[in-house]
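I opened this notebook to keep track of what I looked up, entry by entry, while going through the structure. The entries follow the order in which I turned to each topic.

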Amino acid sequence: MAKRKAPPARQHSLRKKQPASEIVRAGGAVINKSFFDDLFRRYYWLIGTALIALTVVVMVVELSPLSFRPFNGPFYGLHSWAKATGSWAARSHAHYGLGYTRGFATWAVGDPPTENPKRYVDHPQLSVLLMGGAMAVFGANDWTPQLVRVITTVIGMLILLRLLRGLFEEKTVLLAMLFLGLLPLMGYFSVGGWMFVITSWALWRYLVLIESLSDGPTPRTRHLVEFAIALFLMVQLSWSGLFYAFTFGLHYVLRCVFRRDKLRPAVLVILIVMPLASLSLNFTVMWAGYGGDTQKIFDLYKWRATKDEGGDIQAGKWFNTLLKHSVSNFTWPVLILLIAHCGYLLAGRAVLFYRGASPGGRKPRRTGPRDGTDGTSSTMPDKPRLPRDFPQIWLFLLPGVILLIVFRGLVREHQYWLRPFAVFVAIGAALGLMMIGDILRKIHRRAAVAGVIAGIIIIAAFCTRGLAAYRQIRWQSPRTIELFQELNRQIPPDKALLTFKDFVIKQHPAKGSFYRPEYAWYLDRDMIVARTMPEIEQKARTGRFTRYFIPDADQSIGGARVPPDYQKRLKKLSHEQLIKLLQDPKNKMLAGWELRDRQRREIIKLMKQKYHYEYFDNPARPGEENYCNRRNTPCYIFDLMNKL
């Protein structure tokens, strides 16, 4: 029997064999895997889905000391103006149809509505159209916008879970998603609705096209088509979409220049043509809405770029406001971690540059016929990576920076315009906390785990308190909302409200005048001003007006309370003295307020002698939930159809 041939001697590699806890990539760095790394990798989607569910709970549930109730209340809180504006315009699409609105965001009330309604054309129209479609399905109510925000947040966060896994290790991504869901900005405003979904999708497809994801698929034509569609839609949804598109284009060109890669004509054409085509459509809609008056478009931009709600922009106040909004949106612990990580990145990059470290460590780039090669891998090196690096940081940071530069005037009273920074802040804070964990790991593994858990608890506590502070703010009181809901029931749809107080807002000539959105949403009737008895009686005889609204107290000018000492001094002045004060620019507003207040008291006295009335009281004091600093309640509601 032939002897069995002995197996060849085993070849021993000089490379050290990786243990079972093999190394994994973390933002370009190489670290040792642990039990937690394996756990997060194995149950990544399960944990990610749980974090998204937690985000939904934070958005729709309000926890108070005595109750646990859904938070889908009416438009009375912080920025109730902005929330009601889009809902009001969307309701016009749902109630009156596109034949009436012509696809424009339309401010219309009553049934039948006016033949020449006001158009809201200074924003892209697609988001309002989508909300109008949602209201056509779910109804024009308070909770439909909240439902849409929840749905879009879930979709956007699922895309982020898939996208970020190709840039960071699993536990960093999950920690960033936890922070994103806890941010007061997310809990109160969400981070952009459909805009969040489309920009996340565009970023994912762009990173696939430039092959910058560790687990990304081979770029195909469909990825290019999806990216082109996303570029077009994001500019249709919001002006900030233009800044995302610009960031993609700038990043792509500079990337190819520094890496000495060839520009792909198809990608370059899409990056230029699609945003410009979408922007041209937006300007065409604005031009048509303004009746061909191009100057209004330029005036509107100049207003938002050079002035805020209080007048000319002052650099010191502007930065103070930006800091205040950043703290309230993101909280101090999150910002401190972000700043620490950014400082680490700057110092680390400076050290690498100073040492002149040779690049290396890049994963070979897939090539093929598209690149004019035979399918071999490109060995062009990448720049060296730092531990806990932030890959593609400019794609997350630059859109928000450009927004702040171009629309500087939006910062004053618009916390939600910092939404483009939300994902960047969440990732940076997560990397900062993981960096602290790496430092503590050098002491002991348990110290690292304890430090990370303690950081999460601190951030959760600050975010919960910040969200509660947002929800306690009242731009309108629930009692005021009840008032306008009651008026809606009392006044037929084809009638209007006669009022002493003017509910029309006049922000800027280019934007036009319009009803205060919260009142228009709940009253859904025209609000016509009348401040003399002859005018009131003449309009009452037309039959169009069934109720007359007049505040019982008016202690504010433009939302600012008139100091009590000023009120006492003004009341001592005669009518002639007040007329003279009207000529003084410094005292014009105060004198006008006192004259109007005297007129208001006289109207109440005369109306009580002629009409039946209802007194709508509001005993709440400052700091209580039902308090309203705009003094719409208490008030009198006179029945013009029921004389004494």
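**Entry 1: a salt bridge within a helix.** I began with the side chains of Arg 601 and Asp 597, which meet in a salt bridge with 2.4 Å from N to O; I keep in mind that this is a predicted model. Both residues belong to helix H24, which covers residues 588-608, and because they are four residues apart there, about one helical turn separates them. I then looked up how accessible each partner is: Arg 601 has a relative accessibility of 36% and so counts as partly exposed, whereas Asp 597, at 5%, counts as buried. The pair is also part of a network of salt bridges that links Lys 571, Asp 597, Arg 600 and Arg 601.

**Entry 2: other salt bridges.** How many salt bridges does a search of the whole structure find? The search returns 23, and I followed up two more of them. Asp 438 and Arg 388 meet through their side chains in a salt bridge, at 2.6 Å from N to O. This pair links distant parts of the chain, since Asp 438 sits in helix H17 and Arg 388 in the loop between helix H15 (332-355) and H16, with the two positions 50 residues apart in sequence. Asp 438 is partly exposed, its relative accessible area being 23%, while Arg 388 counts as buried at 4% relative accessibility. The other pair I noted is Glu 518 with Arg 516, whose closest N and O atoms are 2.8 Å apart in a salt bridge, and here both Glu 518 and Arg 516 are buried.

**Entry 3: H16 against H17.** The loop holding Arg 388 leads to H16, so I turned to the packing of that helix. Helix H16 (residues 393-406) packs on helix H17 (residues 422-441) at an angle of about 135 degrees, and their axes are 8 Å apart. With that angle, H16 is oblique to H17. The crossing in which H16 passes H17 is left-handed. From H16, the residues Ile 393, Phe 396 and Leu 397 meet Val 423, Phe 424 and Ile 427 of H17. When I sorted the residues of this contact by class, I found six nonpolar, no polar and no charged.

**Entry 4: H9 against H11.** I next looked up a second helix pair, helix H9 (residues 194-209) and helix H11 (residues 240-259), whose axes come within 11 Å and cross at roughly 10 degrees. That angle makes H9 roughly parallel to H11. On the H9 side the contact is made by Met 195, Thr 199, Ala 202, Leu 203 and Tyr 206, and on the H11 side by Ser 240, Gly 241, Tyr 244, Phe 248, His 251 and Tyr 252. By class, this contact of H9 with H11 has seven nonpolar, four polar and no charged residues.

**Entry 5: three buried residues.** Which residues does Ala 448 touch, if those up to four places away in sequence are not counted? They are Gly 437, Leu 440 and Arg 441. Ala 448 itself is placed in helix H18 (residues 445-472) and is buried, with a relative accessible area of 5%. Its C-alpha atom is separated by 10.0 Å from that of Leu 433, which lies 15 residues away along the chain.

Phe 616 lies in strand S16 (residues 611-616) and counts as buried at 8% relative accessibility. Leaving out residues up to four places away in sequence, I found that Phe 616 touches Arg 479, Glu 482, Leu 483, Thr 633, Pro 634 and Cys 635. The C-alpha atoms of Phe 616 and Asp 552 are 9.2 Å apart, with these positions 64 residues apart along the chain.

Tyr 188 is in helix H8 (residues 184-189) and is buried, its relative accessible area being 6%. Tyr 188 and Tyr 470 are 282 residues apart in sequence, yet their C-alpha atoms are 7.2 Å apart in space.

**Entry 6: the chain overall.** Last, I looked up the totals for the protein chain, which has 24 helices and 17 strands. Of its 644 residues, 49% count as buried. Among contacts between residues at least 6 apart in sequence, 74% join residues at least 24 apart.

Methods: Residues numbered from 1 in each chain as written. Predicted model: local features only at pLDDT ≥ 70, side-chain atom pairs only at ≥ 80, totals over all residues. Heavy atoms only, no water. Axes fitted to C-alpha atoms, helices over the stretch in contact; angles between N-to-C directions. Parallel < 35°, antiparallel > 145°, perpendicular 65-115°, else oblique. Left-handed = near helix turned anticlockwise from the far one by under 90°. Contact = heavy atoms within 4.5 Å. Nonpolar A, V, L, I, M, F, W, Y, C, P; charged D, E, K, R; others polar. Salt bridge = Lys/Arg side-chain N within 4 Å of Asp/Glu carboxyl O. Buried < 20%, exposed > 50% of the residue type's maximum accessible area, 1.4 Å probe, protein only.
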